[in-house]
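Here's a quick tour of the hollows and the greasy surface of a protein model. Have the structure open as you read.

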Amino acid sequence: MTMTTPSAVSQKTPHYLQSSARGQYVILLVGFAAFFFLPYLLPASAQPIVVRTLIFAIMAVGWNLMSGFGGMFSFGHAVFFGIGAYTDAYLLAQTGLSPWTAMVIGAGLSAGVGVLIAFLCLRYKLSGSYFALATFAFAQMFLLIAQNTGFLNKTEGINIPLLPEESWAMMQFSQDSKNYYWIPLVLLALSLAVTIWYINSRPGQFTQAIRDDATATEALGINAMKYQLTTVALSCAITAIAGTFYAQYYLFVGPAQAFGLTVSTDALIPAVIGGVGTIWGPLIGAAVVGPLSELVAGILRDPPVFLEFLSGTSGLDVAIYAVLLIVIVIFLPKGIYGTIRERLRK
């Protein structure tokens, strides 16, 4: 009887995975083509909401790759978002480097930091809630570093210089330019394409097997840490890209905007609401969270008469997210998309 080793098995992706990936790519292409023309159908006032929703979606896709498909629940993805944002803002403000180049550098730095953090956690056998708490601790550490580092302007943050004219090279346009919609849409599509490719590849399949039963996969001779760290690197790089675009869109980044607790929740909540460990769940969750966050902000700015007591209240968005998560967990335990998909299969 001949035994099949992991190295021999990994030479070729099974046909059913190739077919699955092709179907997902077709859905992605059709969806991208449909949403490409959305700016022409919406009023200009809606564009900031849509852009914010796209940023949420990119963050959620990145978080979902590591925590959903990889099984390493992160409560500190603000670290990787913040590294992308600060790398872009600092390099552009100090050296005039193109944001496109800074995006690549930020993604690389974020992937490196993420791999280091994950290696330390996995090396010392942290998993589940302990892993999540460790990532949260690192996020708080980076927040404190940013607040007390001179060349990062401490708590004042970094303002990105405003150019007198539009520039693709420097990713600056008029505030109502449709380019600010199309750029994150393309970045989101690329992030999803990478995710589809990875989870249908042999390394991605090994990662999901490790998530489901690490002991069994290691017994087969699969190097669990190798594939987990690869997943972490991709997740962190995608999240950093969202941070880079955030800095370019708002032309400012500070410690709270980059490494604050709400940044980490903005990454995980859409994925949890939409469906953890699914391709399309983070998009559905972002479509809920993006408009909802703007609605809450609008209520706090100008509340109706019967809600005047909420004016200026801080933390209302977090409270609403908490209630929404409780409802989702109780009635839709696998998220909106995950639950619907499961019921359709039955």
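What follows covers a pocket, a cavity and a surface patch.

## Ground rules

This is a predicted model, where local features need pLDDT of at least 70, side-chain atom pairs count only at pLDDT 80 or more, and totals for chains, interfaces and linings use all residues. Residues are numbered from 1 along each chain as its sequence is written, and side-chain values use heavy atoms, with hydrogens and water left out.

## The largest pocket

The largest pocket (an open set of points on a 1 Å grid over the protein atoms alone, with protein on both sides within 12 Å along at least five of seven lines) has a volume of about 510 Å³. Its lining (residues with an atom within 4 Å of a point) runs to 23 residues, with Phe35, Leu54, Leu185, Leu188 and Leu283 nearest the centre. Helices H2 (15–36), H3 (47–69), H7 (179–199) and H13 (281–301) each give two or more residues to that lining. By class, it has 21 nonpolar, 2 polar and no charged residues.

## The cavity

There is 1 cavity of 30 Å³ or more (a 1.4 Å probe fits but cannot get out). The largest cavity comes to about 30 Å³. Helices H5 (99–123) and H6 (128–147) each supply at least two lining residues, and H5 has the largest share, with 3. Among the lining residues are Met66, Phe80 and Val232. The split is 6 nonpolar, 2 polar and no charged.

## A patch outside

On the surface, Val323, Ile326, Val327, Ile330 and Phe331 make a nonpolar patch with about 500 Å² of accessible area together (residues with over 30% relative accessible area and no salt bridge, nonpolar side chains joined within 5 Å; areas use the Shrake-Rupley method with a 1.4 Å probe; a salt bridge puts a Lys or Arg side-chain nitrogen within 4 Å of an Asp or Glu carboxyl oxygen). Ile326 sits in helix H14 (residues 316–331).

Definitions and conventions
Points joined across faces, edges and corners; volume = space filled by probe spheres on them. Helix = DSSP H or I, 4+ residues; strand = E, 2+ residues; numbered from the N terminus. Nonpolar A, V, L, I, M, F, W, Y, C, P; charged D, E, K, R; others polar. Patch = residues over 30% accessible without salt bridge, like charges linked within 9 Å, V, L, I, M, F, W, Y side chains within 5 Å.
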